[in-house]
Every structure is written in structure tokens, then in C-alpha cells.
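You asked for a quick read of the ligand site and the empty spaces in this one. Here are my notes, in the order I would go through them on screen.

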Amino acid sequence: MIKKYNLTFIFFFIAILLTVGCSQKATENTAKEKSQSLSKAYDGMFKIGVAINRAQAGGHIPQATPLIVNNFNSITPENVLKWSRVQPQPDKYNFGPADQYVAFGEKHDMFILGHNLVWHTQIPDWTFVDENGNQLDREALLQRMKDHISTVVGHYKGRIDAWDVVNEAAGRDGLRKSKWYKIIGKDYIDKAFQYAHEADPDAELYYNDYNLWAPAKRQTVVKMVKRLQKNKVPIDGIGMQAHIGLDNPPIKEIEKSINAFSKLGVKVMITELDVSVLPSRHDVNISYSPGDGDKYGDVPPKLNPYTEELPDSVQQQLTERYVQLFELLKKHKDQIDRVTFWGLDDGHSWLNNFPIPGRTNYPLLFNRSYEPKSAFYGILKVANS
Ligand code: GLA
């Protein structure tokens, strides 16, 4: 006969076994999730975002949706919120595609970016002239900027979490002499942030630019942000676009900019990450320039060497480049708020058509069949190591 204290002992023993079993299962599940999802692997370090196009936001690419939802917790619209798309004519706003984009982000509980409000490109010519074609003066252009920002930011008030307010205001040497700059003066930047803040006081507001690893641009942006802060302009973060190559820029220069920007007390983000594997004209010493007629025609093979597939050796280089970059970002996880890839899959990357149209590039984490590449697993490994 089993004595009472024996029964109690057996009961506790089974309870302990069950608890250990369950928590082991939970740990295994979490580990499994982390080994399969980028955003879960980097949870607690920084957000992982992706720029999505109109078809992806509309759910029209069935292979893309689960990859986006499983791997990313933030989205940026590739084009639908650019001025030329959202306000193609003075009195015509087109919110349909952007509404779909925002609804996609809300449905999947993502951190939603608005991109972008004030830029020198993808903006209609009418923006800068009156109905007779004469250039607007400072006050009239400021009014036009204010109308655009108030309408667009106001439309998504409380729904878009953060805006790239000004895009690419820095040139190689000092501020870019864009129409915004020439007509309004350098405080067009201050005003853009102020108007955005008035339209949605809870949205975070960022400055976004490319090549911010370059010392001269780094200095220009540090100087500009210090001036904005002195003028009490509400700026919350700096986005470093990061359209980079296999060898350039040096990781050290990216690190210097992360440190310089975070010293300003703002959030630092990598906002448009992709790694081109293709040579430039300069690399292969060719002065090829595509004509209008041959936009999708034959690009010289030297400039478009991997039309069928990416050789293993280059795939390896790509993986190593991504791994090195993510090792740096993980090291600076306390300074980095978000890392966003400029696109989901190689087939839809802008780099197939820029700077030379009609090439086959391999800059992202998923291939043309929506399968994860070795760079994807490399980045996961960095997070989990
Ligand atoms: C810039 C812009 C993006 C996008 C990329 C190229 O970096 O900020 O919106 O246009 O160029 O696709």
C-alpha cells in the first residue's frame, strides 16, 4: 500500500516534471521563433522594417505577405506617399493607395512610417510656380508646403507613427541648393518640421538622407540638427538610408556617423538598406549610357554579369557584408531604433533599374522566388549568437 507521504512526494515529483517540461517547450518555441523570424530575433534590440510597394500593401502578392508579416515589425511606403503620388495636382489628393498601405500596417500591428513630406525629387513642377508659370516667392511656397503637410499628415493623424519630414537636404558640401532652399532659404527645413508637428503632435519626426557615412555629409547634418535643436524645432531622429555596396563604405565610417548622430540625443535609424552586388561603370571602366530607346535593352555583360544567377563566391561576399553590418548594429543596439530594408525581394528592387536600367541585381534578403538567401540566415545568426 502506498503511504500518504509517498503519494504527496509522487504528486510533487510529477508537478515538477510537468513544469520543467512546459518551460522547456516554451523556451524551445521562443528559440524556434527567433531562429525563423528577423523581427523576433532582434526584439529588444531594434525594430526591423521593410519598404513595401503598392501591390504588396494591397495583399496582391500572396508569397510576399507572410514573409513581411513574419519578419518585419515596421513598414515604409516605397512610393505611395511621395508628393507626386499623393498630391499629383494642386487641388487633387490621391489617398487610395496610401490608405491601403496604412491599413496593412494597422492590420499587422506594425510601426508605420510616412515617407516623405519634403524632397527635391518625385515632386510635380507645379509645386514651385503659380498658375502663370512664374516662380513662387518665399511666402507662397511656404503656404504650399504647409497645405501639403497639414493635409497629408492630418489625414493620417494618430495612425502613422512617424514621418520622414525632410529627405536629402544635404549635398556633398553643405546644404543642397534645391528649389526649396533657393526660394525659401535654409529654414524651409525648420518650417517643414513645425508644420508636421502642428498637424500631428504625437507623430515622431525624422530627417532622412543617403551617404551619411561620408565625413562631409556627416558634418553638414550634425551642424543642421544642432541648429534645429537650438531653434527648438521638434526633430526626433536621423535616418541613414544605407544604399551600400559590397566593399564600400567602410564599416568604420558608418560607425562614426552612428556615434556622431546619437550624441545629438536623437534616435538613429538605418532606413533604406540594400547591398548592390553589381559593378559601377567606373569599376569596369566602361562609359556606357543607356539611350531612351534601349531602356530595357542589352546592357554590356561587364556591367550586368549575373543575368542567370549569382555565383556562390559573390553570394558569400554578400552574406559576409550583411553579417559585418549587423554585428556593428548589434554592438550599437542601444543607439539604433530601427533597421529598414529597401524592399523585400531581389525581383522588385529599384537597383535592377538604377543607376543603369535593365540589370539583374541581388541586393536583398529574399530571392526572386521569395526564398530566404544565405544573408538572411547570416543576419539571424548574428542576433541569436
Ligand atoms: C531615395 C528615397 C527613397 C527611394 C530610393 C530609391 O533613397 O528616399 O524613397 O526613392 O531613393 O528607390
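The points below start at the ligand, widen to the pocket, and end with the enclosed cavities.

1. First, a caveat: this is a predicted model, so please read every distance and volume below as computed from that model.

2. Who is around the ligand? The neighbours are Lys82, His115, Trp119, Gln122, Asn167, Glu168, Gln241, His243, Glu272, Trp342 and Trp350. Sorted by type, that shell comes out as three nonpolar, five polar and three charged residues.

3. On polar contacts, Asn167 puts a polar side-chain atom 2.9 Å from a ligand oxygen. For His243, the distance from a polar side-chain atom to an oxygen of the ligand is 3.3 Å. Trp342 also takes part, with a side-chain N or O atom 3.2 Å from a ligand oxygen. As for burial, the ligand on its own has 300 Å² of accessible area, and the protein covers 89% of it.

4. Which space does the ligand take? It sits in the largest pocket, whose volume is about 1,200 Å³. That pocket is lined by 39 residues, and the ones closest to its centre are His243, Ile244, Ser276, Leu351 and Pro355. Note that His243 turns up here as well as in the ligand shell.

5. If you want to colour the pocket by secondary structure, begin with strand S7 (243-245) and strand S8 (267-276), then add helix H12 (281-284) and helix H13 (312-331); each of these gives at least two residues to the lining. By type, the pocket lining holds 16 nonpolar, 15 polar and eight charged residues.

6. Now the enclosed spaces: there are three cavities of 30 Å³ or more. The largest cavity holds about 90 Å³ of space. Its lining has 14 residues, with Trp213, Met240, Ala242, Ile244 and Ile254 nearest the centre. Ile244 is worth a click, being listed here and also among the residues closest to the centre of the largest pocket. The lining of this cavity splits into eleven nonpolar residues, two polar and one charged.

7. What lines the second largest cavity? The list is Ile52, Asn53, Arg54, Ala57, Pro77, Glu78, Asn79, Val80, Pro97 and Tyr101, around a volume of about 40 Å³. Helix H3 (54-57) and helix H6 (96-107) each contribute at least two of those residues. Here the split is six nonpolar, two polar and two charged.

Note on methods: Residues are numbered from 1 along each chain as its sequence is written. This is a predicted model: local features need pLDDT of at least 70, side-chain atom pairs count only at pLDDT 80 or more; totals for chains, interfaces and linings use all residues. Side-chain values use heavy atoms; hydrogens and water are left out. A residue is near a molecule or strand if one of its heavy atoms lies within 4 Å of it. A polar contact is a pair of N or O atoms within 3.5 Å; within protein, one must be able to donate a hydrogen and the other to accept it, and residues adjacent in sequence count only if both atoms are side-chain atoms. Accessible areas come from the Shrake-Rupley method with a 1.4 Å probe; for residues, only the protein chains shown count as cover. On a 1 Å grid over the protein atoms alone, a cavity is a set of points where a 1.4 Å probe fits but cannot get out, and a pocket is an open set with protein on both sides within 12 Å along at least five of seven lines; lining residues have an atom within 4 Å of a point. A molecule sits in a cavity or pocket if more than half of its atoms lie within 2 Å of its grid points. Ala, Val, Leu, Ile, Met, Phe, Trp, Tyr, Cys and Pro count as nonpolar, Asp, Glu, Lys and Arg as charged, and the others, Gly among them, as polar. Grid points are joined across faces, edges and corners, and a volume is the space filled by probe spheres set on the points. Helices (H or I, at least four residues) and strands (E, at least two) are DSSP runs, numbered from the N terminus.
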